[in-house]
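Colleague: I should be grateful for a close look at the second largest pocket of this model. Please describe what lines it, and then place it in the setting of the whole chain.

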Amino acid sequence: MNEFISAENVDLNIVVAPQSFKLDWVLAPQEWGLGFLRTGMWPNDPPPFDWDCGQYAINYEAVSRSSIASQILKVLEKRRCMLTIDESKALGNPNSGFCKSVIELSKRAKMVRELNGTPLTQSPMDYYGQLRALGQLQGMLPTAFRNRYAVLGGFMGRQVTQEIKNGEELARILDGCTFRALKSDWRKDLPPKNYTSIHLEMTVEQRKHYQTMMEEFYVLVDDADVTAEMVVTQLMKLRQISSGVLLDGDREYTIEQPDKMPKVKAALELAGGQGKTIVSHYFKISGRVLIDAFKKAKLNPAYIQGGMKPAEVVEQKDKFNTDSTCRVLVGQERATALGHTLIGQPGDRCNKIAFYENSYSLYHRSQLEDRNHRGDQDEMCTCYDFIASPIDQVAVDALVRKKNMADEMDAIIKSVKAERKTK
């Protein structure tokens, strides 16, 4: 926003953002002392054809629809616009309608800026849409980019792997149009972040279901025709059991009474301690179980779930941050991961985040860890992993391994910069 208001060649900032914090972009100018900026968002406000100056936010899903994208395209063609793409990792699929629409929008913008809190890639192809939107690659098509920088493997050698080909060349392109600001570099005043695992024992009923499912798993992996999808399905069921829930198609039910579930007990104990707590979960039914348990414990929980309207999300965040009786926020992983500031107030900070369940997404995990480790946070923050089964441990271990791999491109870019300085 500071760059936008100081630039002389633009008078509109069109922001493309996730639905869950589109409204944050509307509220941000006032929060940051830029209240003179006119703000609006789709679909509450019509496209800003006649605005003198301002900031207009639109969500990913709307940009993917051709009828709405064409209206925004006309704004960019008729006005002097800066295009801001928030959480630009969403451009990772070059064949998606969203990626194609954003690339077309970027061609009409006077300036393009991308923000990406966790620039982790599953493959080199995740860079393609982001670089094209920044005007790089000289119009290179996805196939040519894949052939130049990706390594194929997997089934019949047709799947793009995480390995990068011509890595130094790609690093030079990234170095020319990107920079990475690590918290450790620009927020040295933030308190430390601590990690700990809470090991729990499943109930008799959970262990019975878990062992039955493991027997099926043993049979499955001995099958010569086992597929990755079959394995993932079994892992998902085992993770459900370790949380005391089961999903069968549209049916959801609990294995145990919530007050007997080890993870629920641990969450209640953690949330009842000093400071506020975020409890992240993966399965929707787990969120309902947690909210109900926290209400019964009179902890006045706030929540962030998928499908909420932006105003509802802002209301729940405000409740958690400002209401002293609200001691815990229950957040569904994907909906809570991006962009939210959940730190509480001075003297009553949110200093704990508990991972009631983990998926295998390092992107969401890394983002979640920073929801309370930002802004004016002045207390040490601790991340807790609830481990009630070997499968829970597998998920946590997998995230640690991915975290190590995420440093690969950073290391290459650093070597390129070091080489440039010596010349």
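Modeller: The account below begins with the pocket and then moves outward to the rest of the chain. The model is a predicted one.

The second largest pocket holds about 590 Å³ of space. Its lining is made up of 24 residues, and those nearest the centre are Pro18, Arg334, Ala335, Leu338 and His364. Three elements give two or more residues to this lining: helix 3 (60-64), helix 15 (333-336) and helix 16 (362-369). Of these, helix 16 contributes the most, with three residues. By class, the lining of the second largest pocket comprises ten nonpolar, nine polar and five charged residues.

Helix 16 merits a further remark. Glu369 belongs to this helix, and its side chain is joined to that of Arg365 by a polar contact of 2.9 Å. In an α-helix there are 3.6 residues a turn, so residues three or four places apart point the same way. Glu369 has a relative accessible area of 3%, and because buried means under 20%, this charged residue counts as buried.

A closed space may be set beside the open one. Rolling a probe the size of a water molecule over the atoms shows where empty space is left. The count of cavities of 30 Å³ or more comes to one, and the largest cavity holds about 80 Å³. Its lining has 14 residues, with Lys263, Glu357, Asn358, Phe386 and Asp392 nearest the centre. Strand 16 (381-387) and helix 17 (390-405) each supply at least two residues of that lining. The lining of the largest cavity divides into seven nonpolar, two polar and five charged residues.

Lys263, named above for the cavity, is also one of the buried residues of helix 12. This helix, residues 262-271, is mostly covered, with seven of its ten residues buried. Alongside Lys263, the buried set consists of Pro262, Val264, Ala266, Ala267, Leu270 and Ala271.

As for the whole chain, it contains 18 helices and 16 strands. Its C-alpha atoms fill a box of roughly 65 × 55 × 50 Å along the principal axes. The radius of gyration is 23 Å, which agrees with the value near 22 Å for a compact globule of 423 residues. Of the 423 residues, 50% count as buried. Among contacts with a separation of 6 or more, 72% are between residues 24 or more positions apart.

Some local backbone features complete the picture. Most residues other than glycine have a negative phi, and most peptide bonds are trans. Trp42 and Pro43, however, are joined by a cis peptide bond with omega about 0°, and Pro43 is placed in the loop between strand 2 (38-41) and strand 3 (54-59). Asn166 has a positive phi, near 55°, and lies in the loop between strand 7 (159-164) and helix 8 (167-177). Asn300 likewise has a positive phi, of about 45°, and is found in the loop between helix 13 (284-296) and strand 12 (302-304). Asn166 is partly exposed, with a relative accessible area of 35%, and Asn300 also counts as partly exposed, at 27%. Gly153, in strand 6, is by contrast buried, at 15%.

Terms used. Residues are numbered from 1 along each chain as its sequence is written. This is a predicted model: local features need pLDDT of at least 70, side-chain atom pairs count only at pLDDT 80 or more; totals for chains, interfaces and linings use all residues. Side-chain values use heavy atoms; hydrogens and water are left out. On a 1 Å grid over the protein atoms alone, a cavity is a set of points where a 1.4 Å probe fits but cannot get out, and a pocket is an open set with protein on both sides within 12 Å along at least five of seven lines; lining residues have an atom within 4 Å of a point. Grid points are joined across faces, edges and corners, and a volume is the space filled by probe spheres set on the points. Helices (H or I, at least four residues) and strands (E, at least two) are DSSP runs, numbered from the N terminus. Buried means under 20% relative accessible area, exposed over 50%, partly exposed in between (1.4 Å probe, protein chains only). A polar contact is a pair of N or O atoms within 3.5 Å; within protein, one must be able to donate a hydrogen and the other to accept it, and residues adjacent in sequence count only if both atoms are side-chain atoms. The radius of gyration is taken over C-alpha atoms; the globule rule is 2.2 Å times the number of residues to the power 0.38. Contact means heavy atoms within 4.5 Å.
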